[in-house]
Amino acid sequence: MSRIILLFSILTFNILAAQVLKPQDTLYSNYLGQKEGLLQLNIKGMALDNLGYLWAGTEDGLHRFNSYEFKPYTHNPEDSTTIKDDHIRDLLFIKDTLWIATNTKGIQGFIPSKNHFFSPDILTNTDDLNTAYKILKLGSDRLLFSVKNHIIIYNSQTKTSKTIPLLSEHLETYITDVISIDDANFWLATSNSGILYLDSKTLEINKIDLLKSELDIYFHKRNNHIYLGTKNGLFSYNTLTKTLKKSNFDLSINCFYTKSDNAFFIGTRTGAFVFNTVHESITPLAFKIDEHSIFKTIDINEFLGDTNGNLWIGTEADGLMHYNSFQKKFNTLRTALKEYPLKKHISTFQYLKDIDSTLWIGSALGMVKYNHLTKDFKLYNTNNKPVLIYTIAKSQNNSIWAGGFTTGLLKYNRALDTFEKIKGAGNVLPDEDIVEIIPKDNETLWVCTWSGGIYEFNIKNERFTEVLIQGQRINRARTSLIDSKGNIWIGNDEGAYKISKDNTTKRYFNNGTEKRLSSDRIFNIKEDYEGNIWIGTNAGLTKLDPITNNTTFYYKQKGLPNDFIYSILISRNNNIWVSTNFGLSVLNTKTNTFKNYTVNDGLQNNEFNGKAGYEDETGNFYFGGISGTNIFDPDNIIENPFIPETYIESVELFNKPLLENVLFKDDLEFKSNQNVLTFNFSAINYLNPEKCNYTYIMEGFDSDWRPITKNRSATYTNLDPGKYIFKVKASNDVGIWNEVPKALSITIIPPWYNTQSFKIAFILLLILTAILIFKYKTAKLKSDKLKLKDIVKLRTLELSTKNKDLKKAYQESNKQRNNIQFLMRELTHRVKNNLQIISSLLNIQANNLEDNPAANEALKVAKNRILTISHIESKIANNNERIIICEFIKEISDSIIRALSDDDHLKFKVEYTLCDAKLKNVNTTMIGLVLNELITNTTKYAFDDYNETNKLCIGCEIYEDSLRITIVDNGKGYIINDNANEKSLGIELVTEMVAQLNGKLQIVSTNGTKNIIDIPI
């Protein structure tokens, strides 16, 4: 087997050596195969429908591709609506129909909008018509179906056909291609019978004396030439001179496709080539899928392209290749060192453009000089061993300085073209791992080490002096910036330091209570054109306003492809470019949105390196990673300008797909209990579809568009009956949105009792019922009115009689009330007289008991209580009348005091503080008795002798919902709970009477006695 391969390779080389052979060109492509859903890898035919879907026919079914996955259509013997044969040889989409050439069932048609397969009305009089090969356009309205030993001319307008046998000496022949010679005549290419001539008017076929012995001929017309591909190679026919020319390209040709005005693709059984018609040169093509997958010698069956830059390559047994002219946005410079010929991927770190065409590259193997003119790389080994050069800098006198791990500080000697290690004059660096070099001025460098701190290097005397920041040694200061104001910024694993010209330092870090950076581990610091400081960390990107110290954080959740930020570069339009562990990303500072690029866009790799970001004086960007360097102008990146169409491909009800062809539906209806719906949608964007974003809204349910997502499905649960519109829109791979969303109307029919017709009928029924009830009530009301009229007359007569009786009874009642009032006045008078007699008797008795003071005193108390009652009775005529409480309390109190002062002078002065209020339904008898007891206690016990300072204060006020009466003296007080005290009886009486008034009594005996009585009113 190996000998055969070797022989084939030698033969191929010899054939191509005779051509004007150019170096191999590479198309950065995508591979579509079984992972995407292809059932079989022999791509026999391809077509694009009017919606933009790609259709692929294989030997195991028909497939529709939506830029993400294939949907297969296969034959089911138990379902007559499916395709009749899975073995497909060719496809062609015309208007609304996909035409299919099958191996055993002839020509089939499929209408996607109806999801319907059909067989055209063709008269079949031979089994040869069941073996179809090609479907070709024959003018504007006619198709040519290529079948075994025949052609079928089919009119797509009239749906009529005519079968024509082929003239052939072979057992089996068929048409492989067709080309228009003039308005009415065509050339037909055959599999083994040369070229035939077809008169489209008469439908007569004749042989022509051209390529009679060639097999499997295919046409390609360019200007005045018809290129003919055969199993034996490439021919060209000049339509002006009528001459045929054989090319030196001798590979078996399967297909052609126009690349440009002066070039076209050639598909062969051993790969793809580009033929330049001007120079007649041939360029081999390789299809690069990724770093590990490159297709070269593949058997190509067909090319298919569109106007959006897409090109599909159908292969034999290798699936489907996809190329887009906008895919490769970046070129990669791969470091190639003669010292390491087998090392394909060399990591690069920092860069520096020298004064000539030289680019200095810090690599994992040492310092590398790249010459842009000669394309040569030169490696500078340090200590004759591989070292990682991590930092390169140019001082203000144009000297080149470098450093890396174990290298110490290096200086480039231009005269000797070598790097020399700085040993230091009298002192050396404590750590030879150099991570950053900062040219501070003409005479000074700051050299930052991994674990030995920062040292200032004097270029003239070559002495190192340690630099302390805020009194501390700073390690791993891997990045620095001198901003537009002359401040030096340093970043390490403990945050960022800003060192001003006056040597004051401000540190930015996360102190536990305030998050000032996305992370303290810093890899790069840059200043944009507006003075903002951008800090790249291992956990996101931070924007710092150095004036306000306000920070803004950017994470993966906000659009970054990865949170590990290695390098930052600022473009002239103030966009922020960052390298990450998953490609490059650019932040548009105007829209605050990210655009991401990956290896699929031509990047060296998805993984980049720290410090590997550089901008030269012309504005070109350099980003390096583990597989090389991407060099580009950030303002001139050619991107996909095409906006994708978005389609709702299917709808699921309770996670089960609907059988309806939702792709071509504008509205759907569901029952009230069918309210859990999932919408599956897709944007037809064949270039990097994984970068497309989606947003959607259910009008009538959502208040706003849902957040942007990459998910291609949306589920809604518990939708209430009503009308909704589901809308979805998408962006292409570079964030350009299709602002015209795809819409699908959804109607959830309410239950019968909640339908509009039922509601209308129910309302009409209510109105009719109301009318009937109204009429019934009206008739009843009239009847009741007549009855009421009679009843009113009867009642009026009865009321008149009763009124007379009431007047008579009122007169009698009034007379009785007057008699009662007279009796009450008489009773009051007699009670008062009797109380006065009792009081006089008590007074006489008291005078006879002078030798018994206690009895005498008790009689006086009883007398005063009786006098109080008598006085109250004289003041009250009717309890229902309002009384002026201040007048009542003053008169009662004055009466009690006069009664108590008959035998002795008062030992105190009396003061009143009374409110002016009228009260009703007040038990004045109880109030008077309470006053009598409390005033009597004050008179008897509060004071031993008269003094001008002795006072008794009597007051009243309205306090909240109560009448508050206060009896206060400044006497000697007493112990309230002393049962032996003589006042205890009076206090018990007062307590009982206040309780009968539903009131509260408070007694405070400190520096005198204060009695507070609250009586509800």
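**Note on salt bridges and nonpolar cores**

1. Lysine 212 counts as exposed, because its relative accessibility of 54% lies over the 50% cut-off. The model under discussion is a predicted one, and this should be kept in mind for each of the points below. Lysine 212 forms a salt bridge with aspartate 209, and the closest N and O atoms of the two are 3.2 Å apart. Aspartate 209 is exposed as well, its relative accessible area being 65%.

2. A second pair joins glutamate 443 to lysine 460 in a salt bridge, with 3.0 Å between the closest N and O atoms. This pair links distant parts of the chain, 17 residues apart: glutamate 443 sits in the loop between strand E40 (434–439) and strand E41 (444–449), while lysine 460 sits in the loop between strand E42 (454–458) and strand E43 (463–467). Glutamate 443 is partly exposed, at a relative accessible area of 36%, whereas lysine 460 is exposed, at 66%.

3. A further pair lies within a helix, where arginine 795 forms a salt bridge with glutamate 798 and the closest N and O atoms are 3.7 Å apart. Both residues belong to helix H2 (residues 756–847) and are three residues apart, which is about one turn of the helix. Arginine 795 is partly exposed, with 44% relative accessibility, and glutamate 798 is also partly exposed, with a relative accessible area of 33%.

4. The count of salt bridges in the model comes to 36. Some residues are joined beyond simple pairs, since a network of salt bridges links Arg476, Arg478, Asp493 and Arg521.

5. Turning to the interior, the largest nonpolar core has 33 residues, of which Ile885, Ile889, Ile927, Leu931, Ile935 and Ile965 touch the most other members. At least two residues of this core come from each of helix H4 (885–900), helix H5 (924–942), strand E70 (951–959), strand E71 (962–969), helix H6 (984–996) and strand E73 (1009–1016). Helix H5 gives the largest share, eight residues.

6. Which residues does isoleucine 965 touch, not counting residues up to four places away in sequence? Its contacts are Ile889, Ile927, Leu931, Gly955, Cys956, Asn1011, Ile1012, Ile1013 and Ile1015. A second core, separate from the one just described, has 30 residues, and Leu32, Met46, Ile100 and Trp312 are among them.

Notes. Residues numbered from 1 in each chain as written. Predicted model: local features only at pLDDT ≥ 70, side-chain atom pairs only at ≥ 80, totals over all residues. Heavy atoms only, no water. Core = buried A, V, L, I, M, F, W, Y, C linked by side-chain atoms within 4.5 Å. Buried < 20%, exposed > 50% of the residue type's maximum accessible area, 1.4 Å probe, protein only. Helix = DSSP H or I, 4+ residues; strand = E, 2+ residues; numbered from the N terminus. Contact = heavy atoms within 4.5 Å. Salt bridge = Lys/Arg side-chain N within 4 Å of Asp/Glu carboxyl O.
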